[in-house]
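Please look over the model below together with these notes, which take up the pairing of the chains and then one helix.

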Protein chains: 2
Amino acid sequence: MAAMKWWGWGVEGIEFSCDDKPAFAPFIEEALGVDVRRPPTAPARLSDLAVPESRLPDSLRSALQQAIGDDSLTVDPVERAAHARGKSLRDLVRQRRGEFPRLPDVVVRPDSELEVQAVMEAGLDADAVLIPFGGGSSISGSLEPPPHEHRPVISVDLERLNRVLSIDTASRLAQVQAGVFGPDLERQLAARGFTCGHFPDSFTHSTLGGWIATRSSGMQSDRYGDICDITRALRVVTPAGMLVTRPVPASSTGPSVREMVIGSEGRLGIITEATIEVRALPERRQILGYLFPTFQAGLAAVAEIAASECSVSVTRVSDGPETRFSFAARVRPTLLERLQSRALAEVLTRRLHFDTRQMCLSFIGFEGSAGGVAAQRRCVGRIVKRHGALCIGEGPGALYDQKKFDLPYIRDFLLDRGVPADVSETAAPWSRLASLYDAVTSTAHGAFQGLGVQGYLMCHLSHSYHSGACLYFTFAFRPTAGSEMMLEQYDVVKSAIQQAFIDNGGTLSHHHAVGTEHARWLADDISAPGVAMLRGLFDGADPKGNLNPGKIV
Amino acid sequence: MAAMKWWGWGVEGIEFSCDDKPAFAPFIEEALGVDVRRPPTAPARLSDLAVPESRLPDSLRSALQQAIGDDSLTVDPVERAAHARGKSLRDLVRQRRGEFPRLPDVVVRPDSELEVQAVMEAGLDADAVLIPFGGGSSISGSLEPPPHEHRPVISVDLERLNRVLSIDTASRLAQVQAGVFGPDLERQLAARGFTCGHFPDSFTHSTLGGWIATRSSGMQSDRYGDICDITRALRVVTPAGMLVTRPVPASSTGPSVREMVIGSEGRLGIITEATIEVRALPERRQILGYLFPTFQAGLAAVAEIAASECSVSVTRVSDGPETRFSFAARVRPTLLERLQSRALAEVLTRRLHFDTRQMCLSFIGFEGSAGGVAAQRRCVGRIVKRHGALCIGEGPGALYDQKKFDLPYIRDFLLDRGVPADVSETAAPWSRLASLYDAVTSTAHGAFQGLGVQGYLMCHLSHSYHSGACLYFTFAFRPTAGSEMMLEQYDVVKSAIQQAFIDNGGTLSHHHAVGTEHARWLADDISAPGVAMLRGLFDGADPKGNLNPGKIV
């Protein structure tokens, strides 16, 4: 797996282009007042920026060389810059500007769990800071060393721990090293006829250990469960030694230490291995597109599906603004497609009396036996019909399925053109979703207005559960006064949205974790005694604060 | 809810009888060499026993009176004895013997969360020990004060916090006070058309808060989830104030404090309220009986059901010994039933060539719409047929459904006749269940043999999951040398079984918690660093060790 760009998403050479998407530039022009056809700013070159020297003490360097060998550590500036942060908007802007108050002093790549233990020992002996690094896709500030950290900082990159060690086919459990990237994991499992079924947006550039450390969810979590459900056992290198839990399906051994490690963002140790649930690759897999007359109708339909006997793999409903964005981002349609679109528009407006600005694109996924998928499709069909939906077949779903991991590239494309864009997501009970959506919408637009900027906000329901769902918001705006004020203005919008989550019964994050980005809302979400409990847990496991300090609490 | 007997299960006046079960006494005679038709020992009378005086300091008494009023606290010996322990075999034997090294000094019954907070404050001010008490059905020693505790001990009985406060019907969430007993909870929910679906064996004598504090599972957890899945939010009185989490369906706010409270057995605070998932009462509910030729065939069938598209509410498979026990415990059959039995026996032995000593009784439950239940039944039918099962219809399942909460009464019946009986349960991956079962069987019989006692061991699979299942063992024996050695011999058998769990990939408990009874195997299960992590968590939340000290770690 090639490392991600130190200044943006994905690997060098892959980027978003609007050349084959005729509606895209006009859409952005209307939405944000920016002409994206103008040439972008040149990508930053690290050699133009002031990268601080590594402060790795010689004694620690020797100890690490002893622990893992000389080839497995580097103080190279590009490596250190690439490991300094994740991929939040704030991260990317500061990386591109060359704002590097504190880079890791060294990046190590242990080959085995034993080497991770040796790194931990060397690090603790030197009173160093240890920050585990998976794919580097965090957008919550989970990877950045504290700006004024005076101790040596070690970024522990787990990419070499990338193997599926064994599969217990009778129990449908796989024992997997934590550093494996999503595609590599699925490739190794598929060779044995299995899938893990965990597909976060970051899938191509994130790792199993990262998913666990951040309590991740995937696009098919409605069927496969969130990472906390999939992860049955863990091996974690801690200051007290190897934390090892058993791969049992359930247990009442006190508060679950497995659950404590899930979401711990490196604060309790370095995850080296997990035993995860796997399932036989489904015989049939299908994602159907639907159009709902309104977002509220879409939410109501999915709430009903969640209470029904239908079992689905994906439930996704975009709001009006995101639906319009999706249509604008389509590749140039063929003549046939244009004719079909025209016929569809005719049906929608003339026969169904849809308001095309309110209309919402939805995808619902089905997996299983051919017969099971057909039965589930009928079950869902009856429900969505009652909520006024029109099924638009497999084409849009297949397209979504192919393109689903590409969205982060659009953010770089926009940022290259001076437009900051980012995401905020939450979860709430069904009864609160509509009002939460309304509140976030008016709050975000209020923030745009207060700043005097042209902005865009869009949303989709991304995961549904028995008692509620995740709402996933994306926002972008055209900053005033050049780019200097960009982060300050971004803060205003991002904070307004997060605060609206808290004020309207949502959680501060459904699957992006806390890091430093969301930490200030934590007490609002889990109460001050809850924060104190986390602090007690971290202090107990890591009394000197060597493990990714400053994150979560 | 009348309080349970201080010396046994259930309320006064209800007991097991074998008078209407003609096969029961001969079965016990053969299995254990004990004639249960002989008159039992007279029940213990508390007035004959030396109950230590309450050591409640006057200042704490005044503070508690101030906090909750004089009517809400008692130092009555029967109350203190009844709150001193749970209902493990060890508890019952010592209660009946009058071994009371340390009773609670006072039992308080707060009326509200505010009163629980006031009790917590008064208790902490006086450096007292606070032990929350729900139904008192613990069989893991979670309720007993440490024998040498010198501080005042307060048993906080939550029974007055028994209301369903609200139901969010759109989100299918109910906000419920923690002290509500199972039947009362279901009654309040059913009045609004809902069920929680949590039915542990202790259901009639256990509370929501107790289920949460011990990580409970219920008989229909295959459908409804374990208590950790059902519980969406918590309110907990802690030394640091009210711990309050949000009723969101999922969240990535660091390690889950909700999950930390689940299974905490009073070590982190007193649970006063939970928001739980509820579901519409099903249109149809059916439990079908099946006979498998062997236990292994039954396990294999359920493993296949767990991987299939069938969705079931109950999966239960008894082994041969438990099947024989179940048949022996039947009420006197009618003539028609006897004729049917004879016809069934004919089919089993002549046509299916079952070995009736190997044969295993199984119950599989279905819930949902009439059509859904029929479809699931067909789906299950195809699988169990491949494993050689014979469906014996609804009759046995209906009987099981009526009698399912009665088993603990049989234990008292046997104990009255000098026979100790108890249970141990575990969970393991599917691949290890058969060998774990064999190991426990040979270990327990080895223990019986080593002690020179006649003993009986039986087992059922009680809950199934994607990757494994719970095995639930019941054992009884006829102690040698009268009753004095009973607990020592019990320890030998119980320890052998628990150790076999640990040695064969099981967890120390699937749903009975740790308490003091299982604490010595905790490090074997979750590793020493896992135990240290729990200790850090508890020490952080309760630095002076006032909250149910000595439990779990």
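What rotation, and with how much shift along its axis, superposes chain A on chain B?

1. This is a predicted model, in which local features need pLDDT of at least 70 and side-chain atom pairs count only at pLDDT 80 or more, while totals for chains, interfaces and linings use all residues. Residues are numbered from 1 along each chain as its sequence is written, and chains are lettered from A and ligands numbered from 1 in the order in which they are written.

2. A rotation of 180° with 0.0 Å of shift along its axis places chain A on chain B, with an RMSD of 0.0 Å (a least-squares fit on the C-alpha atoms of residues with pLDDT of at least 70 in both copies). That is the relation of a two-fold axis, and in chain A the C-alpha nearest the axis belongs to A:L537, 2.3 Å from it.

3. In the interface, 78 residues of chain A are in contact with 76 residues of chain B, contact meaning that the C-beta atoms, placed from the backbone, lie within 7 Å. Helix α20 (residues 528–541) of chain A gives the most to the side of chain A that touches chain B, with twelve residues; helices here are DSSP runs of H or I with at least four residues, and strands are runs of E with at least two, numbered from the N terminus. Because 97% of the interface residues of chain A are also interface residues in chain B, the copies meet through the same surface.

4. Helix α18 of chain A (residues 486–503) has 18 residues, which at 1.5 Å a residue should span 26 Å (1.5 Å times one less than the number of residues), and its end C-alpha atoms are 26 Å apart, which agrees. Just after α18(A), A:G505 takes a positive phi of about 85°.

Note on methods. Contact = placed C-beta atoms within 7 Å.
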